Amino acid sequence: MCSIIGYTGRFGAASVLIGSLKRMEYRGYDSVGMATMESSKILVRKDVGKVIEVEKSLQLDAMPGQIGIGHTRWATHGSINKINAHPHMDCNNNIVVVHNGIIENYKQLKVDLQNNGHVFKSETDSEVIAHLIECHYSKYNDVKQAVIETCKNLKGSYAFVVIFKSGLVAGARQDEPLIIGLGKDGNFISSDVLGFIEYTDQSIFLDNQDIVILNENNVSIYDFNGNPVSRDVTQVAWELGDIDKGKYAHYTHKEIHEQQYSIEKAFGIQTESINKFIDVILKSKNIFITGSGTSYHCAMLAKYLLNKLSDIRTEIVMSSEFEYMSRLLDENSVLIAISQSGETADVLHAAKIAKQNHAKILSIINIPTSSLARFSDHYLTINCGPEIGVAATKSFTGQLAIFYSIVNKLSSTRIEIKFSDFSDIINEVLEQESHIEKIAEDIKKTKDIYILGKSLHYPIGLEGSLKIKELAYIHAEGIAAGEIKHGPLALIENNTVVIVLNPSDDTYTDTLNSVYEMKSRGATIIGISNQTNEIYDYFIKLPTINKLLYPIIEIIPLQILSYYLALKNNANPDYPRNLAKSVTVR
Ligand code: M6R
């Protein structure tokens, strides 16, 4: 879950790489590091913090060279400090490496290397790569062979980039993404196209177990046996403008607002592609849906919708639990995997298990070039543009929109959806922003928040509570409204904050009954509904829409509330502590 990047070209590497790291920082922001090389001299600079915080202390102006590598870290092995920050060097400062992933056998490798006289500086698993390459390079005096032999030694998941004193840059991947950017003024090797999109949209997505060696003019790709392989060049389409914050202070805020258009866009997806999904689903006996975090909450809502409106029976399983629930998978099964990034290791693992059991894989993703998309039989894109904020916002409503379109095709009762109305509907919700900000001010010091909802609203309660936890660091729980009397009621005392998702549908009266039980024990109630009620201490009004569509809009006030709770508690909503956008480790 780190970002890695390498560059070799005509520009000063440090000034190119710093921009790349800023754009990829969503992958990890514990520390930043860079190495550049000039006249066979490698210079390394690193520090703890986000790029913008350490940019000055890195003194990039004094880092010459047109070859360089960079890294932002999400710590796994070794605490967050300057020594453990990447890049890492070999004993003789001839080789410098950045790594993303986990080297599972690093302890044994480290002991073996130390016994052979290698001196380690950090506590990281990654440093073994530098020393292994050093060993093999001194034996073979060949970049390709040194990388191949190193990969043979490593167990686990990794993508790494290494600079050799000879001026060559090399990389290898095993279960972590690595993408080549082919520029007019130099070549890149990066965890994400965002690393080089400012310079080129010509990319090569390396396959698993590919090795690449590049300089300013040439890129050569080999498999782990050293055979040359050829990979397609793909043109990536995202506009650089989409990566700016525009008029917003935070990506998260911008992305919440973008839902005014992104939901409509997701609804308008490819009918033909949906038909392929429907075909596979209808032919399958067992239908599994999986995802992690927010994407899992989408899976839950999908199950409720399918159950309510069709005869389709589904099994939903969190991706991290999938391996323990996969006994029934066979050639008559389908796995629908949901993932914004398409790179989440738990989701990819679930998809691999499904494939091993001959099931079909359908995926719903935001990044069509992602590992999951490429691994699937068919995929649908939510098409909401880059989501940089660590908290999933517009991708969630995009995923929901896709599922509504799927369910609509599978059910006899069609949900009337007028796509073109959505931008006005979302605008009405967004107009509540300053009111929601005031509510955030009033409740910012609360220690616990409970979000109640029944049926379709329950997954939204779970998703809303995930937003509050990760953005504002306040304990929050989504609870199926009927469950409060089975335990959670014991937690309610004077001024406990309870949010209730209660639009006027078939759950309205039952949900209200649970709210009365909370209120009579002193809870402060925040109602989110199209219909007000005297029981609410605060009321956030939703426009009246088709009853089945409320989940798509009622999450937005919860996203806004979480955003302001974060600001009022001095948390940076774009960079929640301890988290990263793409969780590429299991
Ligand atoms: O990229 P994915 O949808 O696979 O990511 C899954 C989760 O890691 C992600 O939804 C995470 O829970 C978000 N931080 C939630 O806001």
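How far is an oxygen atom of the ligand from an N or O atom in the side chain of Ser 341? The distance is 2.7 Å. This is a predicted model, in which local features need pLDDT of at least 70, side-chain atom pairs count only at pLDDT 80 or more, and totals for chains, interfaces and linings use all residues. Residues are numbered from 1 along each chain as its sequence is written, and side-chain values use heavy atoms, leaving out hydrogens and water.

**The ligand**

Ser 341 has company. The table lists polar contacts of the ligand (pairs of N or O atoms within 3.5 Å).

| Residue | Partner of the ligand oxygen | Distance |
|---|---|---|
| Ser 295 | side-chain N or O atom | 2.6 Å |
| Gln 340 | polar backbone atom | 2.7 Å |
| Ser 341 | side-chain N or O atom | 2.7 Å |

Taken alone, the ligand exposes 410 Å², and the protein buries 90% of that. These areas come from the Shrake-Rupley method with a 1.4 Å probe. The ligand is surrounded by 15 residues, each with a heavy atom within 4 Å of it. Where does the ligand lie? Domain 2 (243-415) and domain 3 (430-586) both give residues to the shell, so the ligand lies between them. The domain bounds come from an automatic or database domain assignment.

**Gln 259**

Is Gln 259 buried or exposed? Gln 259 is buried, with a relative accessible area of 0%; buried means under 20%. Its side chain makes a polar contact of 2.8 Å with that of Thr 397. Another, of 2.7 Å, joins the side chains of Gln 259 and Gln 559. Within protein, one atom of such a pair must be able to donate a hydrogen and the other to accept it, and residues adjacent in sequence count only if both atoms are side-chain atoms.

Conventions. Buried means under 20% relative accessible area, exposed over 50%, partly exposed in between (1.4 Å probe, protein chains only).
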